[in-house]
Amino acid sequence: QVQLVESGGDLVQAGGSLRLSCVASGSIFRINAMRWYRQAPGKQRGLVALITSGGSINYAESVKGRFTISRDNAKNTVYLQMNSLKPEDTAVYYCNADLIRVVGGQSYDYWGQGTQVTVSS
């Protein structure tokens, strides 16, 4: 059993900051890429940021320069530091991990349950 649990979502004023965390637990051999997605009401879920096991990073254009993704491999944790938040950042933020559970096993995608971020104007 593998679980991804997000935390850190909250209500914040525009211009404020939040830090999201996502911890992967359970039977895990290796975590490859870790990602943050978000889904606003009435919109499709979209990729916000990703970080590979080697530390390569990509961001959606809309968050470049404001959000920072990082990971702590020893803790199986990925973070999303969000600064200069805007009302359009309001969404449920989901953690996603591409991981291998056993040596020689295949990699599979796992998702967290989501954490709500609301930015007021």
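This passage walks through a pocket, some ring contacts and a few individual residues of a predicted model.

A good place to begin is the empty space. Rolling a probe the size of a water molecule over the atoms shows where such space is left. The largest pocket found in this way has a volume of about 200 Å³. Its lining is made up of 14 residues, and those nearest the centre of the pocket are Arg38, Ala40, Lys43, Gln44 and Glu88. By character, the lining residues comprise six that are nonpolar, five that are polar and three that are charged. Two strands each supply at least two residues of this lining, namely strand 4 (30–39) and strand 5 (46–51). The largest share, three residues, comes from strand 5.

Aromatic rings offer a second way into the structure. A pair of such rings is described by the distance of the centres and the angle of the planes. The whole structure was searched for these pairs, and one was found. The partners are tyrosine 37 and tryptophan 111, with 4.9 Å from centre to centre and 50° between the planes, an arrangement classed as tilted. Along the chain the two residues stand 74 residues apart, so the pair links distant parts of it: tyrosine 37 belongs to strand 4, and tryptophan 111 to strand 10 (residues 107–111). Their surroundings can be told apart by accessibility. Tyrosine 37 has a relative accessible area of 19% and is therefore buried, as the cut-off for this class is under 20%. Tryptophan 111, with a relative accessible area of 38%, is partly exposed.

Two other tyrosine rings have an arginine over the face. Arginine 19 takes this position over tyrosine 79, at 4.0 Å from the ring centre. Over tyrosine 94 lies arginine 45, at 3.6 Å from the ring centre.

Strand 4 also holds alanine 33. This alanine 33 counts as buried because its relative accessibility is 10%. What does alanine 33 touch, leaving aside residues up to four places away in sequence? The contacts are Ile51, Thr52, Arg71, Asn96, Ala97 and Asp98. For isoleucine 51, which lies 18 residues away along the chain, the C-alpha atom is separated from that of alanine 33 by 5.6 Å.

Next comes the loop between strand 8 (77–82) and strand 9 (91–100), where aspartate 89 has its place. Is aspartate 89 buried or exposed? Its relative accessible area is 1%, so aspartate 89 is buried. Beyond the residues up to four places away in sequence, aspartate 89 touches Arg38, Arg66, Phe67, Ser84, Val117 and Val119. One of these contacts, Arg38, is also among the residues that lie nearest the centre of the largest pocket.

Finally, two residues deserve a look for their backbone angles. Most residues other than glycine have a negative phi. Asparagine 76 is not a glycine, yet its phi is positive, at about 50°. This residue is found in the loop between strand 7 (67–72) and strand 8, and asparagine 76 counts as partly exposed because its relative accessibility is 24%. Serine 84, likewise a residue other than glycine, has a positive phi near 50°. Serine 84 sits in the loop between strand 8 and strand 9, and its relative accessible area of 41% makes serine 84 partly exposed. The contacts of aspartate 89 listed above include this serine.

Notes: Residues are numbered from 1 along each chain as its sequence is written. This is a predicted model: local features need pLDDT of at least 70, side-chain atom pairs count only at pLDDT 80 or more; totals for chains, interfaces and linings use all residues. Side-chain values use heavy atoms; hydrogens and water are left out. On a 1 Å grid over the protein atoms alone, a cavity is a set of points where a 1.4 Å probe fits but cannot get out, and a pocket is an open set with protein on both sides within 12 Å along at least five of seven lines; lining residues have an atom within 4 Å of a point. Grid points are joined across faces, edges and corners, and a volume is the space filled by probe spheres set on the points. Helices (H or I, at least four residues) and strands (E, at least two) are DSSP runs, numbered from the N terminus. Ala, Val, Leu, Ile, Met, Phe, Trp, Tyr, Cys and Pro count as nonpolar, Asp, Glu, Lys and Arg as charged, and the others, Gly among them, as polar. Rings of Phe, Tyr and Trp (its six-membered ring) pair if their centres lie within 6.5 Å; planes under 30 degrees apart count as stacked, over 60 as edge-to-face and the rest as tilted. Buried means under 20% relative accessible area, exposed over 50%, partly exposed in between (1.4 Å probe, protein chains only). A charge sits over a ring if NZ of Lys or CZ of Arg is within 6 Å of the ring centre and within 35 degrees of the ring normal. Contact means heavy atoms within 4.5 Å.
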